Amino acid sequence: IKKLVYTARIKRLIVCASIILALSVLLLVLYFNNSIGSLLAFALILLLSNIPASLLVVSAFIMGFIEKAISNSYVKEAKEIREQIIQWRHDIHKIAEVGMETFETAKYVSNELTKMNISHQLIAGNSAVVATIGKGDKCILLRGDYDALPMKEEVDIEFKATNGNMHSCGHDLHGASLLGAAKILKAHEDE
């Protein structure tokens, strides 16, 4: 019985690792536009052959490759605009609008996108913003909230909301993070 349980656990581990590898391969195909097709084909062959040791090695290699590719570019760029993201968060935090009544916040986000020369439009009665960056058929969607809660902010900080609402839910960070992502993606628009 112990051997059967052990075998079942190994098979589950292989299935989980296979799923991780398949997702990693998909991410690489999407990110690198098939430029490393031979590596991906090799990884898929190992995946289909159910060789646990090889599977783990290839999975580790691919995950390391993805981490290196991301950390060498986008993370570095995000760190470079850290102070700007913090300022956007503070600005959005001060506005603190509730529900679908986020007109000033949408206007703020729209103005920031305009400064970055990012095509966008106000929607939902001017309470939300949709921006478009890039060219071609491939598309990803980044989404976040920037509404607040109807509660008085009682902390004493320089970017405190004074209109009886409060960003106690973290949506000010959603908005600021999306502005940061938009700035970085705009810099890579032609890639």
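# Helices, hairpin and salt bridges

Me: Which is Lys115, buried or exposed?

Reply: Lys115 has a relative accessible area of 65%. The classes are buried (under 20%), exposed (over 50%) and partly exposed (in between), computed with a 1.4 Å probe and protein chains only. This is a predicted model, in which local features need pLDDT of at least 70, side-chain atom pairs count only at pLDDT 80 or more, and totals for chains, interfaces and linings use all residues. At 65%, Lys115 is therefore exposed.

Me: Which residue forms a salt bridge with Lys115?

Reply: Residues are numbered from 1 along each chain as its sequence is written, while side-chain values use heavy atoms, leaving out hydrogens and water. A salt bridge needs a side-chain nitrogen of Lys or Arg within 4 Å of a carboxyl oxygen of Asp or Glu. For Lys115, the closest N and O atoms of the pair are 2.9 Å apart. The residue at the other end is Glu112.

Me: In which helix do Glu112 and Lys115 both lie?

Reply: Helices (H or I, at least four residues) and strands (E, at least two) are DSSP runs, numbered from the N terminus. Glu112 is buried at 10% relative accessible area, whereas Lys115 is exposed at 65%. The two are 3 residues apart, about one turn of the helix, and that helix (residues 103-115) is α5.

Me: How many residues apart in sequence are the parts that Lys135 and Asp190 tie together?

Reply: The side chains of Lys135 and Asp190 meet in a salt bridge, at 2.6 Å from N to O. Lys135 lies in the loop between β2 (128-132) and α6, and Asp190 in the segment after α6, so the separation in sequence of the parts that the pair ties together is 55 residues.

Me: What is the relative accessible area of Glu83?

Reply: Glu83 forms a salt bridge with Arg82, with 3.0 Å between the closest N and O atoms. The structure holds 6 salt bridges. Glu83 counts as exposed because its relative accessible area is 54%.

Me: What span should helix α4 have at 1.5 Å a residue?

Reply: The expected span is 1.5 Å times one less than the number of residues. Helix α4 (residues 82-95) has 14 residues, and its end C-alpha atoms are 20 Å apart, which agrees with the expected 20 Å.

Me: Which residue with a positive phi follows α4?

Reply: The buried residues in α4 include Ile85, Trp88 and Ile92. Just after this helix, phi is near 40 degrees, and the residue is Ala96.

Me: How far does helix α6 reach from its first C-alpha to its last?

Reply: Helix α6 (residues 171-187) has 17 residues, for which 24 Å is expected. Among its buried residues are His171, Asp172, Leu179 and Ile184. The reach of α6 is close to the expected value, at 25 Å.

Me: What accessible area do Ile140, Leu142 and Leu185 have together?

Reply: Leu185 lies in helix α6 and counts as partly exposed because its relative accessibility is 32%. Patches take residues with over 30% relative accessible area and no salt bridge, joining like charges within 9 Å and nonpolar side chains (Val, Leu, Ile, Met, Phe, Trp, Tyr) within 5 Å. Areas come from the Shrake-Rupley method with a 1.4 Å probe, and for residues only the protein chains shown count as cover. The nonpolar surface patch of Ile140, Leu142 and Leu185 has about 280 Å².

Me: Over how many bridges do β1 and β2 pair?

Reply: Two strands pair if DSSP finds at least two bridges between them. One bridge joins Gln121 to its partner Val130 in β2. The sense of the pairing is antiparallel, and the number of bridges is 5.

Me: Near what value is the phi of Asn126?

Reply: Asn126 lies in the loop between β1 and β2 and is partly exposed at 44% relative accessibility. In this hairpin, which has 4 residues between the strands, Ala124 also takes a positive phi, near 55 degrees. Asn126 is a residue other than glycine with a positive phi, near 70 degrees.

Me: What share of the 191 residues of the chain counts as buried?

Reply: The chain has 6 helices and 2 strands, in the order α-α-α-α-α-β-β-α from the N terminus. Its accessible surface comes to about 12,600 Å², of which 62% belongs to carbon and sulfur atoms. The buried share of the residues is 31%.
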